[in-house]
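Please work through the following exercises with the sequence and the model at hand. Each task is followed by a solution in steps.

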Amino acid sequence: MKTIIRNGVVVDLEGSVRADLLIEDGKISAIGSHIEEMDAEVIDAGGKLILPGPIDVHTHFDLQAGPLRAVDDFYQGTLAAACGGTTTIVDHMAFGPKDCPVGHQLKEYHRLADGNAVLDYGFHGVLQHVDKKVLEDMENLILSGIPSFKAYMTYDFRLPDDEILRVMQSVKKTGGVLTVHAENHQVIYHLRKKYVEEGKTGAIYHAKSRPAHTEAEAVGRLIHLSAMADYPNLYLVHISTKESLMEIRKARQNGAKNVYVETCTQYLTLTEDKYLLPEHEGLKYVMSPPLRTQEDCDALWEAIGEGLVSVVGTDHCPFFFEDKVKYGADDFTHCPNGGPGVEERVRLLFSEGVMKKRITLQKFVEVSSLNPARIMGLYPKKGTLRPGSDADLILMDTKKTGVFHQEHLHGNAGYSLYEGYAYTGEIGLVMQRGKVIVKEGKFLGNRGDGEFMSRDIPELESK
Ligand code: URP
Ligand code: ZN
């Protein structure tokens, strides 16, 4: 099966060139100025940009969180992702039962995703306690297809500093990646309790109880722990504040090359005034970390330009608004944490970043596709348009504009955090391994088309 994409502008790190792209058996086989193949199907790109398939390495499909379950499963979540121009996801596993072995959740996640996902997918492992057996099992999984694990510094299954240090030392041996949700649990829980005791229970107190320094302090602490473990690959998920960026910049200036930073679309585009919306609308934005200030958004954009932020994900973790209200209306501390966003990410990042000239087209490719692939062990199969790579790509029409409205989106939440938000740049086509899965907004793929990605140990620079 051969396909030629003609009349497009191929974008990769080296620049943008008008070229034809030949695809054979799901892989890119040639890029050239005029490729002729007798028996190939021809797709006319009509002058659109041809971008490497965007990858979202921070989703929570089918996540069990206390009494509730995130409302997008692997089918609906990956379908929404595909319609928004994402071609691969790496999902963070939820915590399992107390004291369960590391492999417990892997088995559970295969049950949830296999045969359901429409996009290629991988899983980050999760750590919820640490002992010799957990570390051994983690090392074995890192060497066999799950090279990244997540530890939390908050929530019930948070790891204390000594356990994080042990995990870092263990990860360092294998070359895997430790991803961490960095927030200072004790201070946050002190502030939450204080606000509730004072009767300050509205959504805005979700943000006030998690001030910027609670993230930055945890980030700084992690960087010191990482130095003590001789700098394993450390990946800081959903960084949201200027203060955290200052800690990371300092670490980089001290020579730490492999402290990687992810932010998410909501921290680049939305601010904490959303928590003041009437009719409990503010609860839609209850997520951790919370939305911040315009100054933080600006600092994050700058940090992308500077190369300090490597990845933009979503932390897609939607709950129904009715449940947010049911649990959170009287007390923000009971509101389920998380929101939708997997379908809006690519267009938001392109429009707010490239079209508004905050970042270059090459930066867009780096943070949406190349870096997630490199850091998470998917490169060069994914994240690039080179011969030999999977033919995962999107066509982006820079002349088209749109407005996000819930009725055009495909997730189950029933609302978008970006309702009414205008964007420039529409996705004309989404291709996964040579197959067109979305065309002009219409999903053409099938449940189960996605393949599990056994990932490699990433080849990354160490300090
Ligand atoms: O509020 C959020 N982000 N919920 C999902 C779980 C997490 O913290 O990543
Ligand atoms: Zn998350």
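The exercises below concern a predicted model and treat its metal site, its pockets, its cavities and its cysteines.

**Exercise 1. The zinc site**

Determine which residues coordinate the zinc ion (ligand 2), and classify the arrangement of the donor atoms.

Solution.
Step 1. Identify the donors. H58 and H60 each coordinate the zinc ion through NE2, and D315 does so through OD, at 2.0 to 2.2 Å.
Step 2. Read their spacing along the chain. The donors follow the pattern H-x1-H-x254-D. H58 belongs to strand β6 (residues 55-59), whereas D315 lies in the loop between β15 (311-313) and α11 (321-328). This pair, 257 residues apart, links distant parts of the chain.
Step 3. Examine the angles. Four donors count as tetrahedral if all angles lie between 85 and 135 degrees. The 4 donor atoms here subtend angles of 84 to 156°, and the arrangement is therefore irregular.
Step 4. Assess the surroundings of the pair. H58 and D315 are both buried.

**Exercise 2. The two largest pockets**

Describe the volume and lining of the largest pocket, then those of the second largest pocket.

Solution.
Step 1. Begin with the largest pocket, which holds about 920 Å³ of space. Its lining consists of 37 residues, and Q64, A65, G66, Y155 and N337 are those nearest its centre.
Step 2. Assign secondary structure to this lining. At least two residues come from each of β7 (64-65), β11 (148-152) and α5 (185-197).
Step 3. Sort the lining of the largest pocket by class: 19 residues are nonpolar, 13 polar and 5 charged.
Step 4. Turn to the second largest pocket, with about 270 Å³ of space. It is lined by 18 residues; R347, Y423, E426, E440 and G441 lie nearest its centre.
Step 5. Repeat the assignment. Strands β16 (393-403) and β17 (422-432) each supply at least two residues of this lining, and β17 gives the largest share, with 4 residues.
Step 6. Sort the lining of the second largest pocket by class: 6 residues are nonpolar, 5 polar and 7 charged.

**Exercise 3. The enclosed cavities**

State how many cavities of 30 Å³ or more the structure holds, and characterise the lining of each.

Solution.
Step 1. Count them. The structure holds 2 such cavities.
Step 2. Describe the largest cavity. About 100 Å³ of space lies in it, and among its 16 lining residues P340, E343, L409, G411 and Y415 are nearest the centre. The lining comprises 6 nonpolar, 7 polar and 3 charged residues.
Step 3. Describe the second largest cavity, of about 70 Å³. Its lining includes C100, P101, V102 and Q105, together with V126, L127, Q128, H129 and V134. By class, 6 of these residues are nonpolar and 3 polar, with no charged residue.

**Exercise 4. Cysteines and disulfides**

Establish how many disulfides the model contains, and explain why C100 forms no bond with C317.

Solution.
Step 1. Recall the concept. A disulfide is a covalent bond between the sulfur atoms of two cysteines.
Step 2. Apply the cut-off. A pair of cysteine sulfur atoms must lie within 2.5 Å, and the count by this rule is 0 disulfides.
Step 3. Check C100. Its closest cysteine sulfur, in C317, is 18 Å away, which is too far for a bond.
Step 4. Check C264. This residue is in no disulfide, and the nearest cysteine sulfur, that of C317, is 11 Å away.
Step 5. Add the burial of both residues. C100 is buried, with a relative accessible area of 9%, and C264 is buried, with a value of 0%.

Definitions and conventions:
Residues are numbered from 1 along each chain as its sequence is written. Chains are lettered from A and ligands numbered from 1 in the order in which they are written. This is a predicted model: local features need pLDDT of at least 70, side-chain atom pairs count only at pLDDT 80 or more; totals for chains, interfaces and linings use all residues. Side-chain values use heavy atoms; hydrogens and water are left out. On a 1 Å grid over the protein atoms alone, a cavity is a set of points where a 1.4 Å probe fits but cannot get out, and a pocket is an open set with protein on both sides within 12 Å along at least five of seven lines; lining residues have an atom within 4 Å of a point. Grid points are joined across faces, edges and corners, and a volume is the space filled by probe spheres set on the points. Ala, Val, Leu, Ile, Met, Phe, Trp, Tyr, Cys and Pro count as nonpolar, Asp, Glu, Lys and Arg as charged, and the others, Gly among them, as polar. Donors are N, O and S atoms within 2.8 Å of the metal (3.2 Å for Na, K and Ca); water is not among the atoms, so sites may look incomplete. Four donors count as tetrahedral if all angles lie between 85 and 135 degrees; four count as square planar and six as octahedral if opposite donors are over 155 degrees apart and all others between 65 and 115; anything else is irregular. Buried means under 20% relative accessible area, exposed over 50%, partly exposed in between (1.4 Å probe, protein chains only).
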